[in-house]
Amino acid sequence: MPEQLTLYGHRHSSTSMIVAIALSEAKAEHTFYEVDLRNKPAWFAENINPAGKVPAITYGGPTVPPDQPSPQSTKLAESLVLVELVADLHPAAGLLPSDPLKRAKVRFFVTTVQTRYLEPYFHWFAFGRPGAWREIYEGARAIQALLPESGEGYAVGEEFTTADCVFAPAAGRTKIAYERGIGRFPPEEAVQLRELMDAPEMARFRAYVGRVLERPSVKANFGEDWVAEGTKVVVELFNQRDAASAST
Ligand SMILES: N[C@@H](CCC(=O)N[C@@H](CS)C(=O)NCC(=O)O)C(=O)O
């Protein structure tokens with residue numbers, strides 16, 4: 001019997017999606033508990049993740065209701081830690097290559113996605129930071145340069161790895177922002193970014209994004225339409241928060 005694993009996450013949280021995709025890839029038996037991020041239960045920070053953030057897991061210990069975690073289970077958080085834990089618990093899924101150089105390539109890819117793609121995306125999406133849309137494009141070029149020359153497969157080759165688990169939500173969210181104009185940026189910036197992303201020189205990147213978003217483990221955890229609807233709600237919440245703080 002494998003140890004029990006409970007993932008505490010949120011359907012719309014990109015960091016939760018990373019771990020959920022890895023668990024789907026590994027076909028790992030687990031329980032998913034959706035944490036209400038707008039009204040977090042006190043037991044979550046007290047007994048699971050003191051930072052109060054998702055994703056987090058409990059691993060091992062007795063099988064208990066997720067809202068009554070056992071003191072005997074191990075509690076862990078941080079998506080990049082958890083995605084590697086899933087890979088290590090399920091080596092047969094091939095989420096982390098055994099070759100040290102390939103493992104390093106996976107981690108370099110992850111760092112590139114986080115710093116060159118996800119960070120500018122967040123600043124563009126949430127704050128409309130001037131120039132961020134251009135940085136997203138530069139980040140996409142940096143990612144494209146890392147892809148296999150064959151123009152096939154995933155981040156570091158034929159195997160779908162943790163690098164692809166991390167990239168998937170970033171890829172989908174960015175695409176939603178520039179194709180549908182959902183975010184707190186001037187609409188013309190989305191048009192400019194889309195033009196750059198749709199250019200022939202980005203064909204390898206686009207094909208990779210397409211393969212990742214079509215992967216069954218990704219489709220099970222990221223649907224462009226329902227994520228887009230959730231993203232509109234987030235934009236509305238940001239707008240309301242800003243309006244409220246401007247009026248005080
Ligand atoms: N560095 C963390 C970030 C986790 C994070 O920011 N989670 C967000 C959801 S995507 C969250 O729980 N927000 C709720 C809050 O901060 O209260 C990771 O990669 O897991």
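Which residues does Y117 touch, not counting residues up to four places away in sequence? I began my notes on this predicted model with that question. I found that Y117 touches T112, I136, G139, A140, I143, F167, A170, A171, T174, M197 and F205, with residues up to four places away in sequence left out of the count.

**Entry 1: nonpolar cores.** I next looked up the largest nonpolar core, which holds 65 residues. Y117 is among the residues that touch the most other members of this core, together with F109, W124, F167 and F205. I asked which helix gives the core its largest share. Helix α6, residues 162-180, supplies that share with 10 residues. I then checked the domains and noted that domain 1 (5-93) and domain 2 (100-246) each contribute at least three residues to this core. Apart from it I found another core, of eight residues, including Y8, V35, F44 and I48. For context I recorded that nonpolar side chains in soluble globular proteins tend to be buried together.

**Entry 2: domains.** I turned to the division of the chain, which gives domain 1 (5-93) and domain 2 (100-246). Taken over C-alpha atoms, the centres of domain 1 and domain 2 are separated by 24 Å. I looked up how many residues each domain brings to the contact: 17 residues come from domain 1 and 21 residues from domain 2.

**Entry 3: helices α1 and α6.** I described this helix pair by angle and distance. Helix α1, residues 14-25, packs with α6 at an angle of about 135°, and their axes lie 8 Å apart. An angle over 145 degrees would count as roughly antiparallel; α1 and α6 are therefore oblique to each other. I noted the crossing of α1 past α6 as right-handed. On the α1 side I listed S14, M17, I18, I21 and A22; these meet C165, V166, A168, P169 and R173 in α6.

**Entry 4: residue I18.** I followed up one residue of α1, namely I18. Is I18 buried or exposed? I18 counts as buried because its relative accessibility is 3%, and the cut-off for buried is under 20%. Leaving aside neighbours within four places in sequence, I18 is in contact with S79, V83, C165, V166 and P169. Of these partners, C165, V166 and P169 also appear among the α6 residues met by α1. Finally, I looked up the separation of I18 from E201: 183 residues in sequence and 28 Å in space, C-alpha to C-alpha.

Key:
Residues numbered from 1 in each chain as written. Predicted model: local features only at pLDDT ≥ 70, side-chain atom pairs only at ≥ 80, totals over all residues. Heavy atoms only, no water. Core = buried A, V, L, I, M, F, W, Y, C linked by side-chain atoms within 4.5 Å. Buried < 20%, exposed > 50% of the residue type's maximum accessible area, 1.4 Å probe, protein only. Helix = DSSP H or I, 4+ residues; strand = E, 2+ residues; numbered from the N terminus. Domains from an automatic or database assignment. Contact = heavy atoms within 4.5 Å. Axes fitted to C-alpha atoms, helices over the stretch in contact; angles between N-to-C directions. Parallel < 35°, antiparallel > 145°, perpendicular 65-115°, else oblique. Left-handed = near helix turned anticlockwise from the far one by under 90°.
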